[in-house]
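Reader: I've got a model open on my screen and I'd like to learn how to read it. Could you walk me through it, feature by feature?

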Amino acid sequence: MAGLLAGLALLAGCGSTPAESPPTGVDGLRVPTPEPDPSDFVAEVDHPLFPLAEGGAWRYRAADGSEVAVEVVGGDVVAGVDVTVLDRVTTDADGEVVGERRSAYAEDAAGNVWSFGRQVLSGPGESWRAGVDGAEAGLLVPAAPRVGDAWLQQESPDLTTRVEVLETDAVVDGPDGDAAGTLVTEDTERTDAGEESVVRSYAPGLGVVQVADAGTGAVLLELVERTG
């Protein structure tokens, strides 16, 4: 993991000399990473909080009646790393497609999931691709998230997204009832047009189950069905 690991975390011990412990959470990771080493990554994204098995699909509903369909559509190579590609299609209340984007993710051998780019095919949003025009791969979900951890999920000249962990064992509404052990993050995206913050919830075995407005708490998207 030479391309991603930077060192060990130092935690204060009972005596005057700090005790040395292995990296956890985002300790020791270089985020974002300008030159990811392909040998650091594994073939599949199977993080419990963000599983991307072949054939996986998710359907979300918004308060305004629109829906978002997300599915695993295959792979790609970005910045030399084999990635898994998700296709996201948004339809309005009348069933008309109003946006489509494709996002690329890869998991390293330590279990951290990284974001490698986003291609906006239609609708709002900024495209970026790790290794192109100064954009760098950023962290999506750590192997062992902790409350207070913060990092850059993506960084390019036109787009920056900062993530902070709010909770690691929350209970939120899922498609089949309460989803326990949920990771809750606040994601703040900054572009030339301004700044937007959302609260995103990741449930074990399901992935993202809810997206809410960080300011008002209003639910923007909720997972209604997962298959595959």
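**Reading charges, burial and contacts**

Author: Let's start with one side chain: arginine 162 has a relative accessible area of 35%, so it counts as partly exposed. Keep in mind that this is a predicted model.

Reader: Which residue does arginine 162 meet in a salt bridge?

Author: Here's the general idea: side chains of opposite charge can pair when their charged atoms come close. In this case, the partner of arginine 162 is glutamate 164, with 3.5 Å from N to O. Glutamate 164 is partly exposed because its relative accessible area is 29%, and partly exposed covers the range between 20% and 50%.

Reader: Which residues are joined into one network by salt bridges that share partners?

Author: Arg59, Arg61, Glu67 and Glu225 are. Take one pair from that set: the side chains of arginine 61 and glutamate 67 come to 3.7 Å, N to O. Arginine 61 is partly exposed at 36% relative accessibility, and glutamate 67 is partly exposed too, at 24%.

Reader: How many salt bridges are there in total?

Author: The count comes to 10. Another one pairs arginine 129 with aspartate 76, where the closest N and O atoms are 3.5 Å apart. That pair links distant parts of the chain, since arginine 129 sits in strand β10 and aspartate 76 in strand β6 (residues 67-78), 53 residues apart. Arginine 129 is partly exposed at 36%, and aspartate 76 is partly exposed at 34%.

Reader: What about charges with no salt bridge? Which residues gather in a patch of negative charge on the surface?

Author: For a patch, you look for like charges among residues that have over 30% relative accessible area and no salt bridge. Here the patch holds Glu126, Asp133, Asp158 and Asp192. Glutamate 126 lies in the loop between β9 (113-122) and β10 (128-129). Its relative accessibility is 34%, so it counts as partly exposed.

Reader: Now the overall fold. How many helices and strands does the protein have?

Author: There are 0 helices and 17 strands. To see how such a chain packs, check which contacts span a long stretch of sequence. Of the contacts with a separation of 6 or more, 43% are between residues 24 or more positions apart. Buried residues make up 42% of the 228 residues.

Reader: Is phenylalanine 50 buried or exposed?

Author: Buried means under 20% relative accessible area, and phenylalanine 50 is at 8%, so it counts as buried. It belongs to strand β4 (residues 50-51). Among the residues that phenylalanine 50 touches are Leu86, Tyr105, Leu140 and Tyr202. Its C-alpha is 7.7 Å from that of valine 141, although the two are 91 residues apart in sequence.

Reader: And where is glutamine 153 found?

Author: Look in strand β12 (residues 150-156). Don't let the polar side chain fool you: glutamine 153 is buried, with a relative accessible area of 11%. Its contacts include Trp128, Leu139, Thr161 and Asp187.

Reader: How far is leucine 220 from aspartate 64, and what else does leucine 220 touch?

Author: The C-alpha atoms of leucine 220 and aspartate 64 are separated by 8.7 Å, with their places 156 residues apart along the chain. Leucine 220 is in strand β17 (residues 219-227) and is partly exposed, at 35%. It touches several residues, including Arg61, Val198 and Val211.

Conventions. Residues numbered from 1 in each chain as written. Predicted model: local features only at pLDDT ≥ 70, side-chain atom pairs only at ≥ 80, totals over all residues. Heavy atoms only, no water. Helix = DSSP H or I, 4+ residues; strand = E, 2+ residues; numbered from the N terminus. Buried < 20%, exposed > 50% of the residue type's maximum accessible area, 1.4 Å probe, protein only. Contact = heavy atoms within 4.5 Å. Patch = residues over 30% accessible without salt bridge, like charges linked within 9 Å, V, L, I, M, F, W, Y side chains within 5 Å. Areas by Shrake-Rupley, 256 points an atom, 1.4 Å probe, with all protein chains shown as cover. Salt bridge = Lys/Arg side-chain N within 4 Å of Asp/Glu carboxyl O. Lys, Arg positive; Asp, Glu negative; His and termini not counted. Charge placed at Lys NZ, Arg CZ, Asp CG, Glu CD. Lists of a residue's contacts leave out its neighbours within four places in sequence.
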